[in-house]
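Trainee: I should be grateful for a close look at one part of this structure, namely the sheet and the helices that pack against it. Could you take me through how that part is put together?

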Amino acid sequence: MDAHKTQALRKKYSSALMSNHKWRKLFTVMAEHGSDFSGIEYRFTDTENILYGHAPSLHQVWESAIDDPVEGAVGLVEYKHIESILIPYAYSYRACDNAPLHERPLNIAAFLTALSKVGSFPISETEGGIVVYGYKI
């Protein structure tokens, strides 16, 4: 079954940009220097749906997956299924249903500085935040 999924990924994408080891490094740095990150957009290889979540804690970063920081994903999220993640420059939220909308800036610069110390990553900046790519189309 896994060989079939791997073959489908090869047909859809020209190359993988991130290995399990690189994802683990990225999420470890995020847990240490971006633990307050919320509103992260997770895009996956097997669905058009965008799921939202937060930064994982250190104990949620595993060898080949992250454990449950993505809302709507039940259980582990394997790195090989992450197409990309977008970390927004600011996170908008409401304290309760009828409360006004608040915006909290995220310290992306400190995260990127720490990340550059552990390696080179396929990242681009957009108007709304930074995107980390798992695959190249």
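**The sheet and its helices**

Mentor: Strands β9 and β10 are joined by 3 bridges and run antiparallel to each other. The model we are examining is a predicted one. Within the β9–β10 pair, Glu125 faces Ile130 of β10.

This pair belongs to an open sheet of 5 strands, whose order is β3-β2-β6-β10-β9 and whose pairing is antiparallel. The edges are occupied by β3 (50–54) and β9; each has a single partner strand, so one side of each has no neighbour in the sheet. From one strand to the next, the twist averages 25°. In general terms, the strands of a sheet are held in pairs by backbone hydrogen bonds, in either a parallel or an antiparallel arrangement.

Let us turn to the edge formed by β3. Its pairing with β2 is antiparallel and extends over 5 bridges. These two strands form a hairpin, with 5 residues between them. Across the pair, Ile40 stands opposite Gly53 of β3.

Two helices now come into the picture. Helix α2 lies across β2 (38–44), β6 and β10, and runs at about 20° to β6. Helix α3 (residues 108–116) has Ile108, Phe111, Ala114 and Leu115 as buried residues. Viewed down the axis of α3, the buried residues fall within an arc of 130°, and therefore line one face of the helix. Against what do these buried residues pack? Their partners are α2 (20–33), β6 (82–88), β9 (123–125) and β10 (129–133). The face of α3 turned away from this buried side carries Ala109 and Ser116, both exposed.

One further residue deserves attention, namely Tyr135, which is located in strand β11 (residues 135–136). Is Tyr135 buried or exposed? Tyr135 counts as buried because its relative accessibility is 13%, whereas the cut-off for a buried residue is under 20%. Its side chain reaches the backbone oxygen of Lys80 at 2.5 Å. The C-alpha atom of Tyr135 is separated by 8.2 Å from that of Ile82, although the two residues are 53 residues apart along the chain. Ile82 brings us back to the sheet, for β6 comprises residues 82–88.

Methods:
Residues are numbered from 1 along each chain as its sequence is written. This is a predicted model: local features need pLDDT of at least 70, side-chain atom pairs count only at pLDDT 80 or more; totals for chains, interfaces and linings use all residues. Side-chain values use heavy atoms; hydrogens and water are left out. Helices (H or I, at least four residues) and strands (E, at least two) are DSSP runs, numbered from the N terminus. Buried means under 20% relative accessible area, exposed over 50%, partly exposed in between (1.4 Å probe, protein chains only). A polar contact is a pair of N or O atoms within 3.5 Å; within protein, one must be able to donate a hydrogen and the other to accept it, and residues adjacent in sequence count only if both atoms are side-chain atoms. The arc is that of the directions from the helix axis to the C-beta atoms. Contact means heavy atoms within 4.5 Å. Two strands pair if DSSP finds at least two bridges between them. Axes are lines fitted to C-alpha atoms, for helices over the stretch in contact, and angles run from 0 to 180 degrees between N-to-C directions.
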